[in-house]
Amino acid sequence: MLSGKKMKSHEKLKAAAVLVLIVAIMMAFTACGGSKSSSGSGSSSGGKLSASGSSALQPLAKQAADDYMKDHSGVSITVSGGGSGTGLKQVSEGSVDIGNSDVEAAEKLDKDAASKLKDHKVALVTVAPVINSKLGVKNLTTKQLIGIFTGEIKNWKEVGGPDLKIMLVTRPDSSGTRALFKQYAMEGKEEASKSALETDDSGTLMETVEKNKGAIGYVALSYLTDTKKAVAVSIDGVEPTLENTYNGKYNVWGYEHMYTKGDGSKTAQQFIKFLSGKSYVKEVEKMGYGAISKLTDKAAQNHDK
């Protein structure tokens, strides 16, 4: 029979042994849990990603970000606008991971800065003149369009519309949408200065057109998918549609670019691959953007002239 002191010592040893056993079990459980997580599909791989720039590409980038984060719970993606020039400047400086742009980097940055960026073409953007649906004008010739945006034509009655003053909504110099419109719709002519409104927020532009019967601006087709208060105008009898973009009949379009500094992070690469991949084409077109894979040789040749 054990003495009192020996009994107490024995009980302490038993308690210590039990504690060690509990700790060992907890460590083993944690290790198993970690092993199970790391051997999964990778859908919970982490990473923060930021993108800024083109307001034309912003709706698609935001939707793609939301869809991507649903399957990649550890990834956080933020998308903001500001214009193509802003996005390119910020990705060049390293303040964002992706710079969204409607034009090539060399058009907005100096040669050295542009050379350090990698171009990822992710979609097509078709740009259309947009007016209030109550105005009643369905077509404008290139000459009339240039006259309106240079300020030479000031009343809608001059182009077959009602006797109503034209309210011009233009874009700032940093806008990639403006650069596309200038090159392919305006024959290189500059927009009128001191116009009624200048904005690179396509949402603000659409709101202005929807509320003012005499207003006219231009936006990516993606901003016309959910409104009946504003409509696109044909140019020289050709309607701005994805089909007419693909077949080369409508030439006011450009590539949507996502730029990274160098190759960019692994998270950026994976997100860009997701957005531009075959499995996401239907969503791209549903939102009013074009799939690069559907562009005909004729359309590409006409555009590059």
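**Exercise 1. A short strand and its neighbours**

Which residues of strand β3 (residues 98–101) point one way, and which point the other way? Work this out, then find the strands that pair with β3.

*Solution.* Keep in mind that you are looking at a predicted model.

Step 1. Begin with a general idea: in a regular strand, side chains alternate between the two faces of the sheet.

Step 2. Now apply it to β3. Ile 98 and Asn 100 point one way, while Gly 99 and Ser 101 point the other way. All of these residues are buried.

Step 3. Look for the partners. Strand β1 (residues 47–53) runs parallel to β3, and 3 bridges join them. Here Gly 53 has Asn 100 as its bridge partner in β3.

Step 4. Strand β11 also pairs with β3, in the antiparallel sense and over 3 bridges. In that pairing, Gly 99 stands opposite Tyr 259 of β11.

**Exercise 2. A strand with three partners**

Find out how many residues of strand β4 (residues 117–132) are buried, then go through its pairings with β11, β8 and β9.

*Solution.*

Step 1. Check the cover. Of the 16 residues in β4, 13 are buried, and the strand is mostly covered.

Step 2. Take β11 (residues 253–261). It pairs with β4 in the antiparallel sense over 9 bridges, and Val 125 stands opposite Gly 254.

Step 3. Go on to β8 (residues 215–220). The pairing with β4 is antiparallel, with 5 bridges. Ala 128 is found opposite Val 219 here.

Step 4. Finish with β9 (residues 230–232), which makes 3 bridges with β4, again in the antiparallel sense. Asn 132 has Ala 230 as its bridge partner in β9.

**Exercise 3. Two helices that meet**

Decide how helix α2 (residues 58–71) and helix α9 (residues 266–276) are oriented to each other, and describe the residues where they touch.

*Solution.*

Step 1. Read the geometry. The helices pack at an angle of about 110°, and their axes are 10 Å apart.

Step 2. Name the arrangement. Angles of 65 to 115 degrees count as roughly perpendicular, so α2 and α9 are roughly perpendicular to each other.

Step 3. List the residues. From α2 come Leu 60, Ala 61, Ala 64, Ala 65, Asp 67 and Tyr 68, and from α9 come Gln 270, Phe 271, Phe 274 and Leu 275.

Step 4. Sort them by character. The contact has 8 nonpolar residues, 1 polar and 1 charged.

**Exercise 4. Buried or exposed?**

Classify Ser 92, Thr 199, Asp 226, Glu 187 and Asp 236 as buried, partly exposed or exposed.

*Solution.*

Step 1. Have the cut-offs ready: buried means under 20% relative accessible area, exposed means over 50%, and partly exposed lies in between.

Step 2. Ser 92 lies in helix α3 (residues 84–93). Its relative accessible area is 17%, so Ser 92 is buried. Leaving aside neighbours within four places in sequence, Ser 92 is in contact with Leu 109, Ala 113, Leu 117 and Lys 261.

Step 3. Thr 199 sits in the loop between β7 and α7 (202–211). With 10% relative accessibility, Thr 199 is therefore buried. Beyond its neighbours within four places in sequence, its contacts include Val 169, Arg 171 and Leu 205. Thr 199 and Gly 83 are 116 residues apart along the chain, and their C-alpha atoms are separated by 9.7 Å.

Step 4. Asp 226 belongs to the loop between β8 and β9. Its relative accessible area is 76%, so Asp 226 is exposed. Asp 226 and Met 287 are 61 residues apart in sequence, yet 9.4 Å apart in space, C-alpha to C-alpha.

Step 5. Glu 187 is in the loop between α6 (176–184) and β7 (197–198). At 55% relative accessibility, Glu 187 counts as exposed. Its phi is near 55°, a positive value in a residue other than glycine.

Step 6. Asp 236 lies in the loop between β10 (234–235) and α8 (242–247). Its relative accessibility is 46%, so Asp 236 counts as partly exposed. Phi of Asp 236 is near 55°, a positive value in a residue other than glycine.

**Exercise 5. Step back to the whole chain**

Describe the protein chain by its secondary structure, its burial and its contacts.

*Solution.*

Step 1. Count the elements: there are 11 helices and 11 strands.

Step 2. Turn to burial. Of the 305 residues, 46% count as buried.

Step 3. Consider contacts between residues at least 6 apart in sequence: 77% of them join residues at least 24 apart.

How values were computed:
Residues are numbered from 1 along each chain as its sequence is written. This is a predicted model: local features need pLDDT of at least 70, side-chain atom pairs count only at pLDDT 80 or more; totals for chains, interfaces and linings use all residues. Side-chain values use heavy atoms; hydrogens and water are left out. Buried means under 20% relative accessible area, exposed over 50%, partly exposed in between (1.4 Å probe, protein chains only). Helices (H or I, at least four residues) and strands (E, at least two) are DSSP runs, numbered from the N terminus. Two strands pair if DSSP finds at least two bridges between them. Contact means heavy atoms within 4.5 Å. Axes are lines fitted to C-alpha atoms, for helices over the stretch in contact, and angles run from 0 to 180 degrees between N-to-C directions. Angles under 35 degrees count as roughly parallel, over 145 as roughly antiparallel, 65 to 115 as roughly perpendicular and the rest as oblique. Ala, Val, Leu, Ile, Met, Phe, Trp, Tyr, Cys and Pro count as nonpolar, Asp, Glu, Lys and Arg as charged, and the others, Gly among them, as polar.
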